[in-house]
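Student: I'm new to this one and would like a close look at a single part. Could you take me through the aromatic pairs and what sits around them?

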Amino acid sequence: MFSSSGTPTGGEARRDADAPQSEAAGSEWPDEREWFDEREWIDADGDPVAAGRDGLDAVADVSTLMSVFAAQRFERVEGLRREAMAEAAVFRGKTTEIVMRSLRLELATVLQVTEHIAERMLATSDGLMNRYPAMLDALSHARTTERHADVFVELVDQVEPELRDQVVPLAVDLATTHALGSFRRLLRKLVDTVRAATLSDRHAEAVRERRVVVQPAEDGMSWVMLYTSAVKAHAIQHRATAIAHALGDQEGEERSLDELRADVLVDLLVDGDVPAHPDAARGIRAAVAVTVPVLSLLDDEHANTVPAVVEGVGPIPIEQARELCGGADGWMRVLTHPETGMVLSVGRDQYRTPAALRRLVEWRAATCMAPGCGTPARRCQIDHQLAWEHGGTTELTNLGPLCVGHHTIKHHGGWCVTQIPDSGGALEWLSPGGRRFVVRPERKVPVFRPAPDDDRSPEATVPF
């Protein structure tokens with residue numbers, strides 16, 4: 001439903017939202033509730049809506065505006081994409097992939113979302129503007145929602161171009177007449193029906209996309225998601241269930257079936273061996289760094305105030321930390337107590353980062369040092385902020401971990417990355433559009449200075 005008295009544009013709304021309260025009070029956008037109350041609302045046929053509207057009507061009104069603004073945002077995002085592609089010549093790499101990676105990073109950072117969400121936004125904008133204008137029209141007239149548009153582009157894009165004309169009109173009709181869950185299910189069925197003739201070829205291609213993803217959860221937990229063929233997924237579930245039932249029949253077993261099944265998969269993946277694997281792949285165990293304040297290992301008083309942290313995961317119960325630091329295989333112990341044996345620099349004598357220095361760089365950052373990236377540092381490349389070929393040194397104040405994708409963007413995507421002096425490892429990212437973002441490391445590294453002359457031995461040092 002739309003107001004008959006006119007609605008400010010998205011740009012005007014943004015300016016008013018950013019303005020001081022005194023200025024906003026005299027603008028076209030007064031208080032939200034006052035604005036809605038003053039408008040005359042009309043239905044889809046152009047007739048005034050009856051008085052006595054309740055709170056649910058107000059929610060529906062806001063949702064209507066959200067759909068309209070979502071359509072406008074998709075148009076503007078697609079405009080950004082086109083501008084970036086047109087200006088690709090300014091990037092050293094000059095490849096579409098680098099341009100899109102750089103735009104995705106900047107968009108995600110400005111909107112404070114993940115790069116995955118930014119990538120979906122770019123893909124949806126491209127689809128609606130360039131392939132499915134009928135769906136964009138439905139969204140801009142609030143006949144459907146932004147989530148419907150996301151699902152529409154994701155699923156219809158799977159259809160071969162020569163078959164899309166059969167799908168699009170029906171899909172738009174489903175989007176405007178069904179709730180999101182039903183729409184997704186019915187559209188998937190429609191797409192599968194149209195593409196049935198190519199199922200074998202498509203499955204063979206989809207199998208090459210198999211992967212494992214870890215998604216953090218709360219309370220020290222995570223989801224491990226495996227993308228594989230449906231047949232193998234069910235086989236995994238059936239075997240884990242059968243083993244769980246056998247364990248559950250043991251006397252004294254108190255774990256639930258879900259707990260047993262989860263523990264079975266962990267045991268198989270962490271400790272199990274596969275005879276079919278070559279010798280080089282057998283006997284490999286996980287390697288994880290556990291950062292534990294020294295005093296937390298000694299008594300519970302400190303353990304309650306300073307938690308132990310697993311690299312790339314987060315805080316863990318101190319009891320588990322004590323177990324891991326007590327000699328469990330595959331776990332690296334990092335104690336946050338100042339030690340003078342750290343390798344902080346090899347200057348210009350060596351480009352390759354020594355193992356001890358690399359471990360310190362990884363430990364300090366914990367994750368990739370690009371805006372919003374959560375890739376564990378141990379899986380990253382060590383970047384010289386001032387490149388080696390430009391005189392950069394191999395020292396802590398010039399090093400930081402970057403995942404492969406962001407390392408590529410840093411060198412070829414038009415970004416300028418520098419380590420802020422005396423910041424403890426913070427990186428300043430200057431985007432191609434001139435926006436500045438600062439990424440700070442997870443931990444601080446102890447800094448050492450000579451002790452006073454009257455107190456020090458030849459090797460004595462004290463931390464700042």
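Tutor: Here is a walk through the aromatic pairs, with a little background before and some surroundings after. Keep in mind that this is a predicted model.

A bit of background to get you oriented: the protein has 18 helices and 15 strands, and 33% of its 464 residues are buried. Take the contacts between residues at least 6 apart in sequence: 52% of them join residues at least 24 apart.

Now for the rings. A pair of aromatic rings is described by how far apart the centres are and by the angle of the planes. Searching the whole structure turns up three aromatic pairs. One of them is Tyr-132 with Phe-152: the ring centres are 5.3 Å apart and the planes meet at 75 degrees, so this pair is edge-to-face. Tyr-132 sits in the loop between α6 and α7 (133-140), while Phe-152 belongs to helix α8 (residues 146-156), so to speak a link between distant parts of the chain, 20 residues apart. Are these two buried or exposed? Tyr-132 has 1% relative accessibility and therefore counts as buried. Phe-152 is buried too, with a relative accessible area of 0%.

Next come Trp-415 and Trp-429, whose pair is also edge-to-face, at 5.8 Å centre to centre and 75 degrees between the planes. Trp-415 is in the loop between α18 and β11 and Trp-429 is in strand β12, so the pair ties together parts 14 residues apart in sequence. Trp-415, at 6% relative accessibility, counts as buried because the cut-off is under 20%. Trp-429 is buried as well, with a relative accessible area of 0%. And there's a further partner here: ring pairs link Trp-415, Trp-429 and Phe-437 into a cluster.

Let's step back to helix α18, which covers residues 404-412. Its buried residues are Gly-405, His-406, His-407, Ile-409 and Lys-410. What covers them includes the helices α5 (96-111) and α6 (115-130), along with the strands β9 (381-384), β10 (399-402), β11 (416-419) and β12 (427-430). So you meet β12 again, the strand that holds Trp-429. After α18 comes Gly-414, with a positive phi near 85 degrees.

For contrast, have a look at the surface. Val-212, in strand β3, is exposed, with a relative accessible area of 55%. Val-212 helps make a nonpolar surface patch of about 890 Å², together with residues including Val-214, Ile-236 and Leu-265. The largest share of that patch, five residues, comes from α13.

Key. Residues numbered from 1 in each chain as written. Predicted model: local features only at pLDDT ≥ 70, side-chain atom pairs only at ≥ 80, totals over all residues. Heavy atoms only, no water. Patch = residues over 30% accessible without salt bridge, like charges linked within 9 Å, V, L, I, M, F, W, Y side chains within 5 Å. Areas by Shrake-Rupley, 256 points an atom, 1.4 Å probe, with all protein chains shown as cover. Salt bridge = Lys/Arg side-chain N within 4 Å of Asp/Glu carboxyl O. Helix = DSSP H or I, 4+ residues; strand = E, 2+ residues; numbered from the N terminus. Buried < 20%, exposed > 50% of the residue type's maximum accessible area, 1.4 Å probe, protein only. Contact = heavy atoms within 4.5 Å. Phe/Tyr/Trp six-rings, centres within 6.5 Å; stacked < 30°, edge-to-face > 60°.
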